[in-house]
Amino acid sequence: MSELYKPAIHFHEVDYSVGDLPILKKITGSFPKGKITTLVGPSGAGKTTLLKLCNGLISPTSGSILIDDQPISTYEPVELRRHVGIVLQSAPMIKGTVFQNLALPLELQGKRLAEQEAIALLENVGLDQQFLQRKTDDLSGGQRQKVSIARTLLNRSDILLLDEITSALDRTSLREIEELIVKINRKFGVTIIWITHNLDQALSIGDYTWVLKDGQVIETGDSDLLRAPTNDFVKRFVRGDVQ
């Protein structure tokens, strides 16, 4: 990572194990503030586990994690998850309308979402106000993801974690979500950490890339590293020899 950029999240010698099974091993590195970093690697590499560590869904077995230069352990869990939002591939929704889903984070805090704010949230993700009263069961996969992202934006998160959010979408919806994430990054300066299996996506969207294998960071750098990797494993991974 260039020294011109401050780290939004920094890992130092982070291990994570389940019982005696090591999942992540000695992870050290930084995600630059205000940039898009993609996480790539074969299935089982530990990418989702790493993402969960970033907003305290799980805690490291050893090592340290800093969020904006502050130890992650010093954040209250609710405060941390407002600061570091997460959007999942499944885009989970409660039964009901889009408005009810958008309002949920505030309702959990004993607050109410104004209709005009809900409309503004939808406009930020490219949906018009007619969607407010639409049932979530009637949304397409791309529309569900947009609503899920809008709901996360309600917390005004400075860091956004994305876990395979386009893998189940058709090509048109995929492009729309990619454009939306780039817009959020550029317009609001949100730091993005994005797990993807799509190497073309990692190249076109990412400023930086981490390559993981067997719970270890194999190579990091500008996303162009995927065009001309120096590590033998990364070369095989990019060629498609490793799944």
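Let me start with one residue, Thr 166, which counts as buried because its relative accessibility is 5%, and I should say at once that what we are looking at is a predicted model. Thr 166 is found in the loop between strand E7, residues 159-163, and helix H6, residues 171-188. Its side chain makes a polar contact with the side chain of Gln 201, at 3.0 Å. If we leave aside the neighbours within four places in sequence, the residues in contact with Thr 166 are Leu 174, Ile 177, Trp 194 and Gln 201, so Gln 201 appears here as well as in the polar contact.

From there I would like to move to the nonpolar cores. As general background, nonpolar side chains in soluble globular proteins tend to be buried together. In this model the largest nonpolar core has 34 residues, and those that touch the most other members are Leu 102, Leu 113, Ile 149, Leu 162, Ile 165, Ile 181 and Ile 192. At least two residues of this core come from each of helix H3 (98-107), helix H4 (115-124), helix H5 (141-153), E7, H6 and strand E8 (191-195). Taking Leu 162 as an example, and again setting aside its neighbours within four places in sequence, we find it in contact with Leu 51, Val 87, Ile 181, Ile 192, Ile 193, Trp 194 and Ile 195. Apart from this core lies another, of 27 residues, which includes Leu 39, Ala 45, Cys 54 and Tyr 75.

Now to the aromatic residues. How many aromatic pairs does a search of the whole structure find? The search finds three. In one of them, Phe 11 and Phe 31, the ring centres are 6.2 Å apart and the planes stand at 85 degrees, so the pair is edge-to-face. Because Phe 11 lies in strand E1 (residues 7-18) and Phe 31 in strand E2 (residues 21-32), this pair ties together parts that are 20 residues apart in sequence. Phe 11 counts as buried, since its relative accessibility is 0%, and Phe 31 is likewise buried, with a relative accessible area of 0%. The rings of Phe 233 and Phe 237 also pair, with their centres 6.2 Å apart and their planes at 15 degrees, and this pair is therefore stacked. Both Phe 233 and Phe 237 belong to helix H8 (residues 232-239), where they are four residues apart, about one turn of the helix, and both are buried. I would add that ring pairs link Phe 11, Phe 31 and Trp 210 into a cluster.

Two rings also have a charged group over them. The charged end of Lys 213 sits over the ring of Phe 233, 5.2 Å from its centre, and the charged end of Arg 134 sits over the ring of Phe 131, 4.2 Å from its centre.

Phe 11 also leads us to the sheet. E1 and E2 belong to an open sheet of four strands, ordered E2-E1-E4-E5 and paired in the antiparallel sense. The edges of this sheet are E2 and strand E5 (70-71), each of which pairs on one side only. E1 pairs with strand E4 (residues 62-67) over five bridges; across these two strands, Phe 11 stands opposite Ile 65 in E4, and Asp 15 stands opposite Ser 62 in E4. E4 and E5, for their part, pair over two bridges, with Leu 66 opposite Pro 71 in E5. These two strands form a hairpin with two residues between them, and Asp 68 in the turn has a positive phi of about 50 degrees.

That brings me to backbone angles elsewhere. Ala 91 is not a glycine, yet it has a positive phi of about 45 degrees; it lies in the loop between strand E6 (84-88) and H3. Arg 156, another residue other than glycine, has a positive phi near 55 degrees, and its place is in the loop between H5 and E7. Which of these is buried and which is exposed? Ala 91 counts as buried, at 2% relative accessibility, whereas Arg 156 is exposed, with a relative accessible area of 61%.

Key. Residues are numbered from 1 along each chain as its sequence is written. This is a predicted model: local features need pLDDT of at least 70, side-chain atom pairs count only at pLDDT 80 or more; totals for chains, interfaces and linings use all residues. Side-chain values use heavy atoms; hydrogens and water are left out. Buried means under 20% relative accessible area, exposed over 50%, partly exposed in between (1.4 Å probe, protein chains only). A polar contact is a pair of N or O atoms within 3.5 Å; within protein, one must be able to donate a hydrogen and the other to accept it, and residues adjacent in sequence count only if both atoms are side-chain atoms. Contact means heavy atoms within 4.5 Å. A nonpolar core is a set of buried Ala, Val, Leu, Ile, Met, Phe, Trp, Tyr and Cys residues joined through side-chain atoms within 4.5 Å. Rings of Phe, Tyr and Trp (its six-membered ring) pair if their centres lie within 6.5 Å; planes under 30 degrees apart count as stacked, over 60 as edge-to-face and the rest as tilted. A charge sits over a ring if NZ of Lys or CZ of Arg is within 6 Å of the ring centre and within 35 degrees of the ring normal. Two strands pair if DSSP finds at least two bridges between them.
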